[in-house]
Amino acid sequence: MGCKGERENQERIEARKEKQRELILQLKTQLDDLETFAYQEGSYDSLPQSMVMERQRVIIEELIKKLDMNLNEDIASLSPEELRQQVDVAVAQIVNPARVKEQLVEQLKTQIRDLEMFISFIQVNPEDARKMRETGLHLMRRMLAVLQIFAVSQFGCATGQIPRTLWQKDQANKDYSPLIKKLELSVDQVRQLALKHQHQDHVLSYSSMQDVSLGARDELTLAVRKELTIAIRDLMAHGLYASSQGMSLVLAPIACLIPALTSSPQTMHPWELFVKYYNTKNGRAFVESPARKLSQSFSLPVMGGITVTPKQSLLTAIHTVLTEHDPFKRSADSELKALVCMALNEQRLVSWVNLICKSGALIQSHYQPWSYVANTGFESALNLLSRLSNLKFNLPVDLAVRQLKNIRDAF
């Protein structure tokens, strides 16, 4: 009896819901008819709601097709935020590639314009070319960079490299193993002498010899300057060349398109690499900044006690060597010797040399592809030099200019 009454009650509820749905449908239909009639009579300015929704439905369906959206799920089960995210993802799949293509097109247009300017430039007479070089050399570099990109893409030239055929005359002695052996012997010699001095004096000191030229009386100083520094110099010089203005500006970008050249590249001293690193890193501006000058005057830390980085210490060291040696026209060998002595004193020889040998711009511009530095990154040599890292040195840095400074001070 109870089950029967409950079933009848449920049927009455369902019948009531059905009547409500029918009533809602009738009201919607009447409303649509009323809006349509009023719109047709001119007394209703807006489109009837049914017509607006029909047109919106068409637009939405077309957008879904174009965006390739998967809306098989029940839209009613998704929140507005979830729907918005789906739309954003679909739009991004279409818009982003279009933006990338647009950027590529603009880059190609710019390259074409630069190539046209370059072609016009190379057709001028020598006098005009000289004037243009004096006033706009940077513009020519940019044009040639574009030409290099063109050569790489079309002819497979290695970016930033000069063809191996250019160096055929200088490839007779590529074996750098004798140079490694020479460095190893010099490192062992310096290490033995340093340990001998430290055993005797606990720490190397030259304070009592400030005004005397050390000459041959100091074995350790001679070993560092004449053996270790020369071994480092020779190994860093393996495959090192000075990229001339003519090569860097005219031949390098299109070198793969011309026959092998007969002229040999000009050699370069490794000390010049340190100077180039100093210049590219704005070393003078860093060292001569007001804050650093003030800190040096009062022996205060520059940045509130923060540890000086290897790069900062190297820039300062190169600046010191240049400041002390350049006025007296000292040789590149003398300046490199001073830097190596300073590096040993500060226990930074490995980190300073590593900074130079890991500088991509310097290596690509000044080392042949078969050189020791380009092939190994100077790794085995750095491992050898690390044998000296735990030793304390107090080597004279100004040995090459001390007498000259004394003579100058006397006047």
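**Figure 1. Helices α6 and α12 cross with their axes within 10 Å, at roughly 100 degrees.** Let's start with this pair, seen in a predicted model. Angles from 65 to 115 degrees count as roughly perpendicular, and that makes α6 roughly perpendicular to α12. On the α6 side (residues 219–236), the contact is made by V224, R225, L228, T229, I230 and R233. Their partners on α12 are D333, L336, K337, A338, V340, C341 and L344. Sorted by class, this contact has 8 nonpolar, 1 polar and 4 charged residues.

**Figure 2. Helix α12 is largely enclosed by the rest of the structure, because 11 of its 14 residues are buried.** If you would like to find them, the buried residues are S334, E335, L336, K337, A338, L339, V340, C341, M342, A343 and L344. What lies over them? The cover of these buried residues includes α6, α8, α11 and α13. The length of α12 can be checked too: at 1.5 Å a residue, its 14 residues should span 20 Å, and the end C-alpha atoms are indeed 20 Å apart. Just past the helix, look for Q347, which takes a positive phi of about 55 degrees.

**Figure 3. A close look at two cysteines, C341 and C357, shows that C341 is buried and that C357 counts as buried too.** A residue is called buried when its relative accessible area is under 20%. C341 has a value of 0%, so it is buried. C357 has 5% relative accessibility, so this residue also counts as buried. You may wonder how many disulfides the structure holds. The number is 0.

**Figure 4. Helix α11 covers residues 310–325 and has the span expected for its 16 residues.** At 1.5 Å a residue, α11 should span 22 Å, and its end C-alpha atoms are 22 Å apart, so the two values agree. Its buried residues are Q312, S313, L314, L315, A317, I318, H319, V321, L322 and H325. Which helices help to cover them? Among them are α8 (270–280), α9 (283–287), α12 (332–345) and α13 (349–357).

**Figure 5. Helices α8 and α13 pack at an angle of about 80 degrees, with their axes 10 Å apart.** With that angle, α8 and α13 are roughly perpendicular to each other. From α8, the residues L273, F274 and Y277 meet W352, L355 and I356 of α13. What classes of residue make up this contact? There are 6 nonpolar residues, with no polar and no charged ones.

**Figure 6. T267 is an exposed residue in strand β2.** The strand takes in residues 266–267. Exposed means over 50% relative accessible area, and T267 counts as exposed because its relative accessibility is 67%. Leaving aside residues up to four places away in sequence, T267 touches L240, Y241 and A242. H238 is 29 residues away along the chain, and its C-alpha atom is separated from that of T267 by 9.7 Å.

**Figure 7. The whole chain, shown for orientation, has 17 helices and 2 strands.** Of its 411 residues, 30% count as buried. Take the contacts with a separation of 6 or more: residues 24 or more positions apart account for 77% of them.

Conventions:
Residues numbered from 1 in each chain as written. Predicted model: local features only at pLDDT ≥ 70, side-chain atom pairs only at ≥ 80, totals over all residues. Heavy atoms only, no water. Disulfide = S-S within 2.5 Å. Buried < 20%, exposed > 50% of the residue type's maximum accessible area, 1.4 Å probe, protein only. Helix = DSSP H or I, 4+ residues; strand = E, 2+ residues; numbered from the N terminus. Expected span 1.5 Å × (residues − 1). Contact = heavy atoms within 4.5 Å. Axes fitted to C-alpha atoms, helices over the stretch in contact; angles between N-to-C directions. Parallel < 35°, antiparallel > 145°, perpendicular 65-115°, else oblique. Nonpolar A, V, L, I, M, F, W, Y, C, P; charged D, E, K, R; others polar.
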